Amino acid sequence: MQKNNLVSLLLVFLTTLCFVSCEYDIIQVDKIVIPPDQEISFSADIVPIFTSNCINCHDGGINPDLRASNAFNALTNGGYINVDLPGSSELYTQLQSGSHSTRASATEKQLILEWITRGANDN
């Protein structure tokens with residue numbers, strides 16, 4: 001009987017340790033705060049990010065087409081933007097992982113996320 005209690009206690013301990021240890025796998029990144037009164041313009045703020053970081057590949061040959069004249073329609077009509085869940089927008093998640101993660105700075109990524117959060121307007 002005591003052996004079963006010891007095994008149960010050990011299982012509870014190991015399970016707890018497993019859940020607690022997962023916490024250390026999360027990397028906290030400082031969030032750059034875009035002031036709420038700062039206007040974010042698609043043409044003046046977002047397109048230049050694409051032009052300097054993305055256009056080498058996304059110039060019409062690879063979707064989405066991020067050239068200035070096509071970017072907004074390619075993103076909104078192509079399903080790359082989710083204003084209801086901005087952090088899950090494909091545009092943003094692609095910038096957070098894999099080979100795209102080094103394409104934009106933390107500030108640029110936050111600016112894109114904030115633009116999506118504010119409705120992804122074509123302004």
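Ala120 is buried, with a relative accessibility of 6%. Ala120 belongs to the segment after α5. Its backbone has a positive phi of about 50°, although the residue is not a glycine. These values, like all those below, come from a predicted model.

Ala120 is also among the residues in contact with Ile81, once the neighbours of Ile81 within four places in sequence are left aside. The other residues in that set are Leu75, Thr76, Ser89, Leu91, Trp115 and Ile116. Ile81 itself is located in the loop between α3 and α4, the latter helix spanning 90-96. With a relative accessible area of 16%, Ile81 falls under the 20% limit and therefore counts as buried. The C-alpha atom of Ile81 is 9.7 Å from that of Thr117, a residue 36 places away along the chain.

**Overall fold and confidence**

The protein chain contains 5 helices and 0 strands, so that its elements read α-α-α-α-α from the N terminus. Of its 123 residues, 28% are buried. The chain exposes about 8400 Å², and carbon and sulfur atoms supply 56% of that area. Among contacts between residues at least 6 apart in sequence, 55% join residues at least 24 apart.

The average pLDDT of the chain is 85, and 75% of the residues score at least 70. Over residues 22-29 the pLDDT is below 50, and this stretch has 0 contacts in the model beyond near neighbours in sequence.

**Aromatic residues**

A search of the whole structure gives 3 aromatic pairs. Two of them involve Phe42 and are set out here.

| Pair | Geometry | Centre to centre | Angle between planes |
|---|---|---|---|
| Phe42 and Phe50 | edge-to-face | 6.4 Å | 65° |
| Phe42 and Phe72 | edge-to-face | 5.4 Å | 75° |

The pair of Phe42 and Phe72 links distant parts of the chain: Phe42 is in helix α2 and Phe72 in helix α3 (residues 71-77), 30 residues apart. Phe42 and Phe50 are both buried, and Phe72 is buried as well. Ring pairs join Phe42, Phe50, Phe72 and Trp115 into a cluster. Trp115, a member of this cluster, is also one of the contacts of Ile81.

**Helix α2 and the loop that follows**

Helix α2 covers residues 42-53 and includes Thr51. Thr51 is partly exposed, at 44% relative accessibility. The C-alpha atom of Thr51 is separated by 7.5 Å from that of Ala68, which is 17 residues away along the chain.

Pro64 is in the loop between α2 and α3. The peptide bond leading from Asn63 into Pro64 is cis, with omega near -5°.

**Cysteines**

How many disulfides does the structure hold? The number is 0. For Cys54, the nearest cysteine sulfur is that of Cys57, 8.7 Å away. A disulfide requires the two sulfur atoms to lie within 2.5 Å, so a pair at that separation does not qualify. Cys57 likewise is in no disulfide, with the sulfur of Cys54 as its nearest cysteine sulfur. The surroundings of the two cysteines can be stated separately: Cys54 is buried, at 13% relative accessibility, whereas Cys57 is partly exposed, with a relative accessible area of 41%.

**Glu114 in helix α5**

Is Glu114 buried or exposed? At 18% relative accessibility, Glu114 counts as buried, because the cut-off for that class is under 20%. Glu114 is part of helix α5, which runs over residues 106-117. Its side chain makes a polar contact of 2.9 Å with the side chain of Arg118. Not counting residues up to four places away in sequence, Glu114 touches Ile34 and Ile40.

How values were computed. Residues are numbered from 1 along each chain as its sequence is written. This is a predicted model: local features need pLDDT of at least 70, side-chain atom pairs count only at pLDDT 80 or more; totals for chains, interfaces and linings use all residues. Side-chain values use heavy atoms; hydrogens and water are left out. Helices (H or I, at least four residues) and strands (E, at least two) are DSSP runs, numbered from the N terminus. Buried means under 20% relative accessible area, exposed over 50%, partly exposed in between (1.4 Å probe, protein chains only). Contact means heavy atoms within 4.5 Å. Accessible areas come from the Shrake-Rupley method with a 1.4 Å probe; for residues, only the protein chains shown count as cover. pLDDT is the predictor's confidence in each residue, from 0 to 100. A polar contact is a pair of N or O atoms within 3.5 Å; within protein, one must be able to donate a hydrogen and the other to accept it, and residues adjacent in sequence count only if both atoms are side-chain atoms. Rings of Phe, Tyr and Trp (its six-membered ring) pair if their centres lie within 6.5 Å; planes under 30 degrees apart count as stacked, over 60 as edge-to-face and the rest as tilted.
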